[in-house]
Amino acid sequence: MYKIADLYDLDHTLAADYLKQFTYPWEALKGIKEFILTLGPTLDKEEYEEISSNVWVHKTAKVFPTAYLGEPCIIGPNTEVRHGAFIRSSALVGADGVVGNSVELKNVILFDHVQTPHYNYVGDSILGYYSHMGAGSITSNVKSDKKLVIVRSGEEKMETGIKKFGAMLGDHVEVGCNAVLNPGTMIGRNSRVYPTSCVRGVVPEASIWKNDGTVIPIKEEN
């Protein structure tokens, strides 16, 4: 469940070949900027326009006038980048997605159909196909003690060797409003997080994280 293959269908991102180099998704975080800088110039110029230095936007995407697109970034087909969105840098945003008002992205890969529609901060994270972050939900990407992030699942611990690591959301993950995903959070495919939750560690696939930290299989929900 820690592995890229456990979390993501790579048919739904331009980063497929890049991600295939790695076993664990956090291994990909350090190279996102360089990957985008390499990928951008190879994009079909009939489909993508370089609207400013190292900023490539698909011609069917809609970027609202007050959105900020920092370099490097790629915005995919039919995606909306709405008023007040702040793409700070190093963001690959897939097709049919939403980057909403007051949303900040930094060093991320968003697969196709990802929605971050209202007041979200997503940093040093990878969001899988059809994942959705409710209004006000954020990734916390640096520990308060500034130590290297460790991924924890019960008694099991995995050293990541990196200081900045937000969250890895598998395909079809739903995060409730005003939830905080603490550094090193990993959420398996088809799982849900209750609103206002404070999440840390590993949430298995097809599970529900409740507000008190209880995790149950979706099939057991009343």
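Student: What is the volume of the largest pocket?

Tutor: In this predicted model, the largest pocket has a volume of about 210 Å³.

Student: Which residues line the largest pocket?

Tutor: The lining runs through K143, S144 and D145, then V149, I150, V151 and R152, and is completed by P183, G184, R200 and G201.

Student: How many residues of each class are in that lining?

Tutor: Four are nonpolar, three are polar and four are charged. Gly counts as polar and Pro as nonpolar, so G184 and G201 of the lining belong with the polar residues and P183 with the nonpolar ones.

Student: Why is the number of disulfides zero?

Tutor: A disulfide needs two cysteine sulfur atoms within 2.5 Å. The cysteine sulfur closest to that of C177 is in C198, 16 Å away, which is too far for a bond. Seen from C198, the closest cysteine sulfur is that of C177, also at 16 Å and too far. The structure therefore holds zero disulfides.

Student: Why is C177 called partly exposed?

Tutor: Partly exposed lies between the 20% limit for buried and the 50% limit for exposed. C177 has 37% relative accessibility, so the term applies.

Student: What makes C198 partly exposed?

Tutor: Its relative accessible area is 44%, so C198 falls between those limits as well.

Student: How do you know that L19 is buried?

Tutor: L19 is in the largest nonpolar core, which has 65 residues, and is among those with the most contacts inside it, along with W26 and L105. A nonpolar core is made of buried residues, so L19 is under 20% relative accessible area.

Student: Which residues is L19 in contact with, leaving aside its neighbours within four places in sequence?

Tutor: L19 is in contact with I4, L10, T13, A28, I109, F111 and I126.

Definitions and conventions:
Residues are numbered from 1 along each chain as its sequence is written. This is a predicted model: local features need pLDDT of at least 70, side-chain atom pairs count only at pLDDT 80 or more; totals for chains, interfaces and linings use all residues. Side-chain values use heavy atoms; hydrogens and water are left out. A nonpolar core is a set of buried Ala, Val, Leu, Ile, Met, Phe, Trp, Tyr and Cys residues joined through side-chain atoms within 4.5 Å. Buried means under 20% relative accessible area, exposed over 50%, partly exposed in between (1.4 Å probe, protein chains only). Contact means heavy atoms within 4.5 Å. On a 1 Å grid over the protein atoms alone, a cavity is a set of points where a 1.4 Å probe fits but cannot get out, and a pocket is an open set with protein on both sides within 12 Å along at least five of seven lines; lining residues have an atom within 4 Å of a point. Grid points are joined across faces, edges and corners, and a volume is the space filled by probe spheres set on the points.
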